[in-house]
Amino acid sequence: MQDRLQALKEEALLKIEQAESLKDLQDIKVAYLGKKGPITEVLKGMGKLSAEERPVVGAFANEIRDAITTSLQEKTERLEAQAIEAKLAQESIDVTLPGRPIAKGNAHPLTAVIEEIEDLFLSMGFTVAEGPEVETDYYNFEALNLPKGHPARDMQDSFFITDDLLLRTQTSPVQARTMEKHHGKGPVKIISPGKVYRRDDDDATHSHQFMQIEGLVVDENVRMSDLKGVLETFAKKMFGEERKIRLRPSFFPFTEPSVEMDISCFKCSGKGCSICKHTGWIEILGAGMVHPNVLEMAGFDAKKYTGFAFGMGPERIAMLKYGIDDIRHFYSNDLRFLKQFKKA
Ligand code: 2U9
């Protein structure tokens with residue numbers, strides 16, 4: 001019986017040695033140490049042994065069982081350790097490896113230009129005012145000295161939603177609304193950036209939806225020279241201290257007198273190039289003294305209050321600044337275009 005036990009022990013230990021998985025070990029354990037196992041079988045034969053032999057065989061059998069159990073335990077620990085090693089090796093990260101670049105987005109070029117312009121005017125004491133993109137005919141036109149049937153209305157083809165509601169064609173209604181909220185008391189000093197809509201066929205320089213930034217100052221004794229000063233500061237901060245500005249007479253229904261502001265070309269410094277169409281000057285914005293009708297309609301006494309206003313297109317400024325030749329790039333969401341504006 002002891003030989004049988006010894007043979008079983010060696011057989012079991014060999015199998016344990018060859019075992020490659022915890023499952024194998026579990027099978028061996030059941031096979032050898034289990035109720036139906038050969039060792040149990042052998043021990044069932046203990047009854048036939050003499051009283052002297054029984055304790056000897058019994059002790060030997062326990063020794064076999066413990067040897068197999070210990071070997072099983074050790075092999076289990078070795079396989080588990082190997083599994084952890086393998087897992088670590090498989091999962092170990094080489095910390096010297098460069099990390100996977102996190103695709104960091106960047107501000108849309110239009111947003112960058114609008115924020116730069118906003119910061120400029122905020123630094124001059126303006127506050128940002130916003131308003132509805134779906135506007136009433138009154139605030140988009142009448143309050144701006146464009147009564148019903150006024151020919152200038154057609155200059156801006158509008159997206160009417162109802163007879164009285166339209167997608168605003170400029171952000172001026174925001175200023176008209178803001179002035180009303182002042183109940184005829186100055187000062188008003190705001191800029192109103194935002195989306196505007198004109199029923200235009202999209203091409204390289206026109207888009208049915210584009211951005212605008214308008215500004216307004218209303219107070220007692222506001223003069224044209226204040227407008228010139230603000231525009232000059234804006235031009236030098238935005239396009240370079242060496243910039244010169246030029247104001248040319250113009251016409252807008254909501255300002256009188258009206259001007260357009262040019263800056264000396266930042267490419268050729270006025271000598272003439274393709275950017276400035278060989279004029280040396282680049283038109284940037286329109287402006288003027290707020291028309292008395294507009295002041296009165298907003299509840300301000302035009303005899304006591306005066307004001308100036310201006311309006312610009314951020315797309316135009318961004319196209320000049322970055323040398324972009326087609327306005328549609330701003331809206332095509334083409335990452336190849338947008339990625340170019342990643343801050344260093
Ligand atoms: C009120 C009174 C006056 C806003 C003004 C302009 C001149 C102007 C253009 C710029 C680019 C339109 O998108 S654009 O083509 N705008 O030139 N805008 S004065 O005048 C106002 C606005 C509100 C109450």
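## Exercises around a ligand and strand β10

An oxygen atom of the ligand sits 3.4 Å from a polar backbone atom of Gly286, which fits a polar contact (a pair of N or O atoms within 3.5 Å). The protein covers 87% of the 560 Å² of accessible area that the ligand has on its own (Shrake-Rupley method, 1.4 Å probe). Keep in mind that this is a predicted model, where local features need pLDDT of at least 70 and side-chain atom pairs count only at pLDDT 80 or more, while totals for chains, interfaces and linings use all residues. Residues are numbered from 1 along each chain, and side-chain values use heavy atoms, with hydrogens and water left out.

**Exercise 1.** Find out what surrounds the ligand.

*Solution.*
- Start with the shell: 18 residues surround the ligand, each with a heavy atom within 4 Å.
- Next, pick out the closest: Gln212, Phe252, Phe254, Gly286 and Gly311.
- Now zoom in on Gln212: an N or O atom in its side chain is 2.7 Å from an oxygen atom of the ligand.
- Finally, ask which element gives the most: β10, with four residues (strands are DSSP runs of E, at least two residues).

**Exercise 2.** Work out how β10 is placed.

*Solution.*
- Locate β10 at residues 305-312, where six of eight residues are buried (under 20% relative accessible area, 1.4 Å probe, protein chains only).
- Look for partners: β6 (residues 209-220) runs antiparallel to β10, with eight bridges, and β9 (residues 281-290) is also antiparallel to β10, with five. Pairing takes at least two DSSP bridges.
- Check Phe308 in β10: its bridge partner is Val217, and Met289 stands opposite Phe308 too.

How values were computed:
Polar contact = N/O pair within 3.5 Å; in protein donor to acceptor, adjacent residues only side chain to side chain.
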